[in-house]
Amino acid sequence: MENVILELLNKEKGNYISGQVMSNQLHVSRTTISKNVKKLIDKGYDIKSSTRKGYCLNKDSDIIFISHIQGSIPNFYRNIEYYDNIPSTNNLMKDTKYRQGDIVIAEHQSGGRGRNGRTFYSPKEKGIYFSFVIEPQLTVYDSLKITAICAVSLIKTIKKNYPLEPSIKWVNDIILNNKKVAGILCEAALEMNTAQIQKMVIGIGLNVHKQTFPDNLKDIATCLENECDRVIEREKIIIDFLNYFFDDYKNLSFIDDYKKYSCILHQNVMVYQNNQSYKAYVLDINDDASLKVLVNNEEKILNSGEITIRKAES
């Protein structure tokens with residue numbers, strides 16, 4: 001009932017709709033309407049209530065409805081679950097009940113995660129936080145390909161909807177004007193004898209709507225609307241991403257775009273790997289999304305670790 005009421009309010013977003021009109025449309029009592037609107041308000045939805053006028057959802061609200069998404073994505077994707085608030089979409093999807101094509105979307109994550117145990121800031125109605133499952137016919141040695149496909153799909157999605165020029169920082173960050181705007185977290189369950197990936201949970205976090213970041217993030221993070229004036233509904237962004245991902249995953253076609261959008265190709269970088277750091281130069285990105293780097297005049301293949309771009313040395 002809450003979701004149905006929210007859909008009605010969303011159709012009249014910015015305008016009041018009376019409790020009686022909602023009651024008549026849904027064939028329930030006005031008391032039922034009132035109780036469910038209160039539950040929505042308690043969950044954080046910006047709904048005004050007036051004895052005379054009824055209820056009004058703030059015109060700036062951006063509500064995600066899974067029914068709108070389901071009709072616009074390939075049949076590869078199966079069930080979509082939506083949560084107002086959970087600790088982590090990735091953690092939830094590690095449950096064995098989730099299979100290929102299942103999707104979990106959260107309005108807010110209290111414990112959103114990035115790589116290496118880092119947190120991902122996930123405020124309500126400001127970003128897109130979702131995970132989905134695939135069962136790729138790949139070995140763990142090819143797992144970087146999935147992260148790369150996700151990165152390319154995110155870039156295509158952003159460029160389709162915004163007049164922006166994001167780039168990819170190997171291996172899993174999307175960068176916009178030298179700040180992080182999105183992150184990708186891929187976690188795999190393996191068949192130990194064959195190193196074959198049985199199941200992979202892919203987590204996507206994208207900062208969308210205008211916001212003020214906490215002090216510890218304001219110099220390193222941004223969102224799409226902080227960088228331009230265009231406002232796009234998050235449903236559309238999710239739909240575009242899932243369609244782009246399906247096409248590129250089906251064909252495993254990503255490497256040319258990945259190179260084109262990379263911000264580290266032919267750059268001096270600092271590599272952080274196995275509790276050590278060293279300087280390198282990125283010569284190329286291989287077909288499996290690993291890096292070919294030059295370290296002390298010797299070529300090396302990098303398929304794990306993290307990098308940062310080195311500033312010009314005086």
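**Packing, pocket and backbone features of a predicted model**

Tyr16 is found in the loop between H1 and H2. The model discussed here is predicted.

Colleague: Is Tyr16 buried, partly exposed or exposed?

Modeller: Tyr16 touches Lys48, Ser50, Lys53, Gly54, Tyr55 and Cys56, leaving out residues up to four places away in sequence. Its relative accessibility is 32%, and the class between 20% and 50% is the intermediate one. Tyr16 therefore counts as partly exposed.

Colleague: What distance separates the C-alpha atoms of Tyr16 and Ile285?

Modeller: Tyr16 and Ile285 are 269 residues apart along the chain. In space, the separation of their C-alpha atoms is 55 Å.

Colleague: Why is helix H1 described as largely enclosed by the rest of the structure?

Modeller: Helix H1 covers residues 2–11, and its buried residues are Glu2, Ile5, Leu6, Glu7, Leu8, Leu9 and Asn10. These residues pack against helix H2 (19–26), helix H3 (30–42), strand S1 (47–50), strand S2 (54–57) and helix H4 (66–70). H1 is largely enclosed because the buried share of its ten residues is seven.

Colleague: Which residues have the most contacts inside the largest nonpolar core?

Modeller: This core has 68 residues. Helix H6 (residues 144–161) gives the most to this core, with ten residues. A second, separate core has 17 residues, including Leu6, Tyr45, Tyr55 and Phe65. Within the largest core, the residues with the most contacts are Phe130, Phe132, Leu206 and Phe245.

Colleague: With which residues is Phe245 in contact, neighbours within four places in sequence aside?

Modeller: The relative accessible area of Phe245 is 0%, so this residue is buried. Leaving its sequence neighbours aside, the contacts of Phe245 are Tyr77, Phe132, Ile134, Ile149, Cys150, Ser153 and Ile202.

Colleague: How many aromatic pairs are counted, and what geometry does the pair of Phe130 and Phe241 have?

Modeller: The count comes to eleven aromatic pairs. For Phe130 and Phe241, the ring centres are 5.8 Å apart and the planes meet at 70°. Since planes over 60 degrees apart fall in that class, the pair is edge-to-face.

Colleague: How many residues apart in sequence are the parts that this pair of Phe130 and Phe241 ties together?

Modeller: Phe130 counts as buried at 2% relative accessibility, and Phe241 is buried with a relative accessible area of 1%. Phe130 lies in strand S5, whereas Phe241 belongs to helix H8 (residues 234–251), so the parts tied together are separated in sequence by 111 residues.

Colleague: Is the ring pair of Phe245 and Tyr249 stacked or edge-to-face?

Modeller: Both residues lie in helix H8, four residues apart, about one turn of the helix. Tyr249 is buried, with a relative accessible area of 15%. The ring centres of Phe245 and Tyr249 are 5.3 Å apart with the planes at 15°, so the pair is stacked.

Colleague: Which residues do ring pairs link into a cluster?

Modeller: The edge-to-face pair discussed above consists of Phe130 and Phe241, and the stacked pair of Phe245 and Tyr249. Ring pairs link these residues into a cluster whose members are Phe76, Tyr77, Phe130, Phe132, Phe241, Phe245, Phe246 and Tyr249.

Colleague: Which residues lie closest to the centre of the largest pocket?

Modeller: The largest pocket has a volume of about 1,000 Å³. Of the 45 residues that line this pocket, the closest to its centre are Lys169, Asp173, Ile175, Lys180 and Ile220.

Colleague: Which element gives the most to the lining of the largest pocket?

Modeller: The lining divides into 19 nonpolar, 16 polar and ten charged residues. At least two residues each come from helix H5 (89–93), strand S5 (127–134), strand S6 (167–169), strand S7 (173–176), strand S8 (179–191), strand S9 (196–207) and strand S14 (306–309). With five residues, the element that gives the most is S8.

Colleague: Which residues does a cis peptide bond join?

Modeller: Most peptide bonds are trans. Here the cis bond has an omega of about 10°, and Val171, one of its partners, lies in the loop between S6 and S7. The residues joined are Trp170 and Val171.

Colleague: What is the phi of Glu125 and of His266?

Modeller: Glu125, in the loop between strand S4 (103–106) and S5, is buried with a relative accessible area of 15%. His266, in the loop between helix H9 (255–261) and strand S10 (268–273), counts as partly exposed at 47% relative accessibility. Phi is positive in Glu125, near 60°, and positive in His266, near 60°.

Key: Residues numbered from 1 in each chain as written. Predicted model: local features only at pLDDT ≥ 70, side-chain atom pairs only at ≥ 80, totals over all residues. Heavy atoms only, no water. 1 Å grid on protein atoms, 1.4 Å probe; cavity = no way out; pocket = protein on both sides within 12 Å on 5 of 7 lines; lining within 4 Å. Points joined across faces, edges and corners; volume = space filled by probe spheres on them. Nonpolar A, V, L, I, M, F, W, Y, C, P; charged D, E, K, R; others polar. Core = buried A, V, L, I, M, F, W, Y, C linked by side-chain atoms within 4.5 Å. Buried < 20%, exposed > 50% of the residue type's maximum accessible area, 1.4 Å probe, protein only. Contact = heavy atoms within 4.5 Å. Phe/Tyr/Trp six-rings, centres within 6.5 Å; stacked < 30°, edge-to-face > 60°.
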